[in-house]
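Trainee: Could you take me through one part of this model closely? I would like to look at its pockets.

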Amino acid sequence: MTVANPLEQLTETDLREQRTSVKWHVFPQDVLPLWVAEQDSVLAEPVVRAVVEAMQRGDTGYVATGQVYAEALASFAVDRWGWSPQIEHSAIVPDVMIGVTEMLRLVTEPGDNVVVNCPVYPPFYAFVRSMDRRIVESPLTAEHRIDLDNLDRAFGAATADGKRAAYLLCSPHNPTGTLHTAAELEAVAELAARHNVRVVADEIHAPLVYRGHTFVPYLSVAGGERGLSLMSASKGWNLAGLKSALALAGPEAADDLARLPEEVGHGASHVAVQAHVAAYRDGGMWLDALLEGLDANRHLVAELVAHHLPGVGYRMPEATFLAWLDCRALGIADPPAEPGLVTMSVGPADFFAREAKVGLSAGTAFGTGGKGHVRLNMATSQAILTEALERMGRAASPAFS
Ligand SMILES: Cc1ncc(COP(=O)(O)O)c(C=O)c1O
């Protein structure tokens, strides 16, 4: 049995008529929305079946204690990454960002520093700020890799006054699609141990890794024993509306995770857990079909950018369905903005929304290194991608003449 490319099943008209979530409902009707990380895919059949059957059984109560979610993730992790998580050191959390804040709460105090690799997922700034911790930025290199020398200095600065500090690692990295290697992650673990910085790894994009590349779980690397990780089926299988995620602890962080207040788990949805379990257990063929479609899309974007937007920088991602476009050559003004505020109305994102009728995420929201950039979501059909990049090229063409 094969699964058809989930990204090629719905037209723009279908999506406008059928989707009521945020992606298709922020911009005016004449704008193609390629911003927030939702997919324009049809769902995996095993996930739909699990939710429908739960409804039919009336199985819509609270999440039961037990390890069904963790066991499903573990079987996926063994199969895909050759890694067996210690599921006895796991906890269900409502979603990844709530999980991130709860892990940071376990290992830091108000006023402590949290190091991030900018440019990075804007809510990292907003959530960390909202819990009264301070962000310390450690920029990625020009090649979008972790800059280990800079990270060393950032860890030193974050702990300079003897305070506790954490490193919020985005792995794979949003928005650049960087897949951190085992060697990089081992070096991170070594630096974290040297500076006594606690690592919290947001690994939500882990299932979305292209063929020829392998995701390395942070907890699997030498030195990762003191780490905490957040995983979820929500990004891979487009289940953001079905809230649940897993927090995992390395053996030396198990005592920290054991301090997680029981009520944190109450925020997860029992129906969502059933959907996520079905995704991990039975959604492998659908995921492979999605990844094949996304692989074609990331190559299509390379061709379309080269053709319609010469001068715009694009490094093909190794993971995620996100394209990080360096539009600095277009010379569009991009005033400084507060990182963390998701906005589409500044700089090149604003230009493309107004002039090309294409909705993108503004780079400045992703922190230092985001200026002059936009993030484009490739999890859509090739027809929509082609139309969007053609429109962007037409709008930007005066800059090339
Ligand atoms: C890196 C990263 N973390 C977390 C999230 C959000 O996850 P959740 O909806 O489970 O909080 C996203 C969504 O795009 C993301 O890209």
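Mentor: Happy to; here is a walk through the two pockets, beginning with how the model is read. This is a predicted model, where local features need pLDDT of at least 70 and side-chain atom pairs count only at pLDDT 80 or more, while totals for chains, interfaces and linings use all residues. Residues are numbered from 1 along each chain as its sequence is written, and side-chain values use heavy atoms, with hydrogens and water left out.

The largest pocket has a volume of about 870 Å³. A pocket here is an open set of points on a 1 Å grid over the protein atoms alone, where a 1.4 Å probe fits, with protein on both sides within 12 Å along at least five of seven lines; lining residues have an atom within 4 Å of a point. The volume is the space filled by probe spheres set on the points, which are joined across faces, edges and corners.

Its lining counts 40 residues, with Val36, Ala37, Tyr121, Lys235 and Ala240 nearest the centre. Helix H4 (96–107), helix H5 (123–130) and strand E12 (361–362) each give at least two residues to that lining; helices (H or I, at least four residues) and strands (E, at least two) are DSSP runs, numbered from the N terminus. By class, the lining holds 23 nonpolar, 10 polar and 7 charged residues, where Ala, Val, Leu, Ile, Met, Phe, Trp, Tyr, Cys and Pro count as nonpolar, Asp, Glu, Lys and Arg as charged, and the others, Gly among them, as polar.

The second largest pocket holds about 540 Å³ of space. Among its 22 lining residues, Thr65, Ala91, Ile92, Glu262 and Gly265 lie closest to the centre.
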